[in-house]
Amino acid sequence: MKDPIVILHGWASTISGDRYKELKLLLEEKGYKVFTPDMPGFGKSKLKKDELLFEDYIKFVKNFVSKQKLKKTILLGHSFGGRVAIRFAAEYPELVSKLILVGASGIPRPLPSIKKKFAFYATKISRPIFIIPPFSFFYKFFRKLVYYAIGEMDYYKAGKLSKTFQNVYKISIVENLSKISKPVLIVWGENDTITPLKDGKIMHEKIKGSKLVIIPKATHRLPYENPNAFVKEIIKFLR
């Protein structure tokens, strides 16, 4: 009997497990039972408190697996979900049969303080100007442009989860990589600009026996922009 697959989604204000619907269907066609839960603060899953810690997301996965009565799971983590999956696999190896990572985050890359200050002062100083019509119409666009310029779009998109975002993204999973003892497939888009390919190579180097596959021309959105290519690699790995 095939182990079920639990897909842990990435981070964005509009994302949820539903974003992986086509991926889910393709895997179900191959005979796998697939779960795509919404993690706290995303999709239909409400926040139970104002801000969460990284550990809260690990507890969520643990509770979800328990509630569904899954003894062994194939854990598939994309972006932020990859960060969660790595820590979970390291802490609860008895609940994971295999691990699949795609564009996973968790390798620390601090934003230079000068960029942080630029974003803070640029948006704060300009705020009074944008209160005046018709300039108020352009404030959201200006703020988005600033965060795009410094490569911090995830923070810009965090919205009500901005405090949680800061708590989560300061956590490094590097020390967890060497503790993973299960078979691991690492899939990366060649043109991923959100989590660079070098992050995937670091994970591959530190996870003993892992397999790294690079999908040509693919971006960070690989799981839902080109699910067929992704599933092809998944099935080869699971066989």
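Which residues line the largest cavity? Before selecting them, bear in mind that this is a predicted model, in which local features need pLDDT of at least 70 and side-chain atom pairs count only at pLDDT 80 or more, while totals for chains, interfaces and linings use all residues. Residues are numbered from 1 along each chain as its sequence is written, and side-chain values use heavy atoms, with hydrogens and water left out.

**The cavity**

Select His78, Val102, Gly103, Val187, Trp188, Gly189, Asp192, Thr219, His220 and Leu222, which line the largest cavity; a cavity is a set of points on a 1 Å grid over the protein atoms alone where a 1.4 Å probe fits but cannot get out, and lining residues have an atom within 4 Å of a point. Its volume is about 30 Å³, and a search of the whole structure finds one cavity of 30 Å³ or more. Colour strand 5 (residues 184-189) next, since the largest share of this lining, three residues, comes from there. By class, the lining of the largest cavity holds four nonpolar, five polar and one charged residues, with Gly counted among the polar ones.

**The second largest pocket**

Move to Pro40, Ser45, Lys48, Phe60 and Asn63, the closest to the centre of the second largest pocket among the 14 residues that line it. A pocket is an open set of points with protein on both sides within 12 Å along at least five of seven lines, and this one offers about 360 Å³ of space. Its lining comprises five nonpolar, three polar and six charged residues.

**Helix 2 against helix 3**

Now show helix 2 (residues 54-67) and helix 3 (residues 80-91), whose axes come within 10 Å and cross at roughly 70 degrees. The two helices are therefore roughly perpendicular to each other (65 to 115 degrees). In contact (heavy atoms within 4.5 Å) are Phe54, Glu55, Tyr57, Ile58, Val61 and Lys62 of helix 2 with Phe80, Arg83, Val84, Arg87, Phe88 and Glu91 of helix 3. These residues divide into seven nonpolar, no polar and five charged.

**Helix 1 against helix 11**

Finish with helix 1 (residues 21-29) and helix 11 (residues 227-238), which pack at an angle of about 40 degrees with their axes 10 Å apart. That angle makes helix 1 oblique to helix 11, a class that takes in angles from 35 up to 65 degrees and from above 115 to 145. Select Glu22, Leu23, Leu26 and Leu27 in helix 1, which meet Pro227, Asn228, Phe230, Val231, Ile234 and Ile235 in helix 11. This contact has eight nonpolar, one polar and one charged residues.

Definitions and conventions
Axes are lines fitted to C-alpha atoms, for helices over the stretch in contact, and angles run from 0 to 180 degrees between N-to-C directions. Helices (H or I, at least four residues) and strands (E, at least two) are DSSP runs, numbered from the N terminus. Grid points are joined across faces, edges and corners, and a volume is the space filled by probe spheres set on the points.
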